[in-house]
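Please open the structure in your viewer and keep the selection tool at hand, because each stop on this tour asks you to pick out a few residues and look at what surrounds them. Take your time at each stop before moving on to the next.

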Amino acid sequence: MPNVLVIGASKGLGAALVELYSNGSTVFATSRSQAPESKGSITYIGGIDVATENAGQALVSSLKHHSTSILDIVIITAGYFGTESFDEPSWEKELKMYTTSSVAPVFLIHHIVKAGLMRKGSKIILVSSESGSITLRHQSEGGGNYGHHASKAALNMVGKLLSLDLKDENIAVGIVHPGFMRTEMTKSVGFDKFWDDGGAVTPDQAAESLVKFIDGFDMSKTGEYWAPRGPG
């Protein structure tokens with residue numbers, strides 16, 4: 001029975017992954033705010049704000065209180081999307097997006113690995129987005145939302161670099177686009193108007209595809225970008 005850590009599990013894809021993995025796995029699930037009461041095979045860990053410098057240390061401290069804390073799978077789904085445009089860029093929003101998406105994973109994984117909480121043969125999955133793709137960005141989609149798109153592009157490089165650093169540890173690192181989803185986040189930035197034409201799926205559907213992908217993910221695929229549901 002694998003031990004799974006989902007970072008950013010309070011809603012959306014993260015919450016759906018926790019529910020799926022709870023059937024047969026020991027699951028640790030983090031949230032920024034106060035955690036729900038743990039139940040069954042799920043242990044909730046609250047107060048983990050990945051946009052803060054000490055998040056990795058706080059997480060490791062909590063995990064070490066559990067005898068089953070050696071991890072087989074770590075999934076980082078935490079995200080933040082603040083809209084902006086060329087006419088109205090936002091320094092504050094961009095910093096938060098970069099910190100959450102592409103700075104935090106380095107420190108979280110650093111602390112988890114250095115604490116000896118990942119066994120050889122384990123897997124790290126960084127949930128990214130095709131919005132970080134330079135190739136897939138076209139004139140028809142326009143510009144703007146610099147922090148969102150660029151922080152995902154930076155996350156893709158972070159995943160590649162982590163895969164090189166962790167290769168000798170036999171820890172596989174995958175960067176994954178889970179699909180365009182019908183979530184509170186996409187709705188909050190007005191993307192719900194694209195749900196139907198864009199073939200948006202529910203978090204439950206995206207989680208099912210991602211879990212199947214992770215099952216077959218190994219060192220032969222480390223350091224690469226994957227879209228289990230295809231583009232879109």
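Begin by selecting Phe-217 in this predicted model, and ask whether Phe-217 is buried or exposed. Its relative accessible area is 1%, which is under the 20% cut-off, and so Phe-217 counts as buried. Now add Phe-213, which is buried as well, because its relative accessibility is 12%. The ring centres of Phe-213 and Phe-217 lie 5.5 Å apart, and since their planes meet at 35 degrees, the pair is described as tilted.

Keep Phe-213 selected and add Trp-226, whose ring centre is 5.8 Å from that of Phe-213, with the planes at 45 degrees, so that this pair is tilted too. Phe-213 belongs to helix 6 (residues 203-216) and Trp-226 to strand 7 (residues 225-226), and therefore the pair ties together parts that are 13 residues apart in sequence. Trp-226 is partly exposed, with a relative accessible area of 26%. Through these ring pairs, Phe-213, Phe-217 and Trp-226 are linked into a cluster. Select Lys-221 next, and you will find its charged end over the ring of Trp-226, 5.9 Å from the ring centre. Elsewhere, Lys-96 lies over the face of Tyr-80, at 4.4 Å from the centre of the ring.

Now clear the selection and show the whole chain as a cartoon. How many helices and strands does the protein chain have? There are 6 helices and 7 strands, and if you follow them from the N terminus, the order reads β-α-β-β-α-β-α-β-α-β-α-α-β. The C-alpha trace spans about 50 × 35 × 30 Å along its principal axes. For 232 residues, a compact globule would have a radius of gyration near 17 Å, and the chain agrees with this because its own value is 17 Å. Of the 232 residues, 47% count as buried, and among contacts between residues at least 6 apart in sequence, 66% join residues at least 24 apart.

The next stop is the interior. In soluble globular proteins, nonpolar side chains tend to be buried together. Select Leu-5, Ile-7, Leu-59, Val-74, Ile-112 and Ile-124, which touch the most other members of the largest nonpolar core, a set of 29 residues. Strand 1 (3-7), helix 2 (55-63), strand 4 (71-76), helix 3 (91-114), strand 5 (118-127) and helix 4 (146-165) each give two or more residues to this core, and helix 3 gives the most, with 5 residues. If you select Ile-7 alone and leave aside residues up to four places away in sequence, you will find that Ile-7 touches several residues, including Thr-30, Val-50, Leu-59, Val-74 and Ile-112. There is also a second, separate core of 27 residues, which includes Val-6, Val-27, Ala-172 and Ala-206.

Move on to helix 1 (residues 12-21), and colour its buried residues, which are Leu-13, Gly-14, Ala-16, Leu-17, Val-18 and Tyr-21. These buried residues of helix 1 pack against strands 1, 2, 3, 4 and 5 and also against helix 6.

Then select strand 3 (residues 42-45), where Ile-42 and Tyr-44 point one way while Thr-43 and Ile-45 point the other way, and all are buried. Strand 2 (residues 26-30) runs parallel to strand 3 and is joined to it by 4 bridges. To see one of these partners, look at Thr-30, whose bridge partner in strand 3 is Ile-45.

Strand 6 (residues 172-176) is mostly covered, with 5 of its 5 residues buried. Which residues of strand 6 point one way, and which the other? Ala-172, Gly-174 and Val-176 point one way, whereas Val-173 and Ile-175 point the other way. Strand 6 pairs with strand 5 in the parallel sense over 5 bridges, and Val-127 stands opposite Val-176 in strand 6.

For the last stop, select Ser-128, which lies in the loop between strand 5 and helix 4. Ser-128 counts as buried because its relative accessibility is 5%. Leaving aside residues up to four places away in sequence, Ser-128 touches Lys-152, Leu-155, Asn-156, Ile-175, Val-176, His-177, Pro-178 and Tyr-225.

Notes. Residues are numbered from 1 along each chain as its sequence is written. This is a predicted model: local features need pLDDT of at least 70, side-chain atom pairs count only at pLDDT 80 or more; totals for chains, interfaces and linings use all residues. Side-chain values use heavy atoms; hydrogens and water are left out. Rings of Phe, Tyr and Trp (its six-membered ring) pair if their centres lie within 6.5 Å; planes under 30 degrees apart count as stacked, over 60 as edge-to-face and the rest as tilted. Buried means under 20% relative accessible area, exposed over 50%, partly exposed in between (1.4 Å probe, protein chains only). A charge sits over a ring if NZ of Lys or CZ of Arg is within 6 Å of the ring centre and within 35 degrees of the ring normal. A nonpolar core is a set of buried Ala, Val, Leu, Ile, Met, Phe, Trp, Tyr and Cys residues joined through side-chain atoms within 4.5 Å. Contact means heavy atoms within 4.5 Å. Two strands pair if DSSP finds at least two bridges between them. The radius of gyration is taken over C-alpha atoms; the globule rule is 2.2 Å times the number of residues to the power 0.38.
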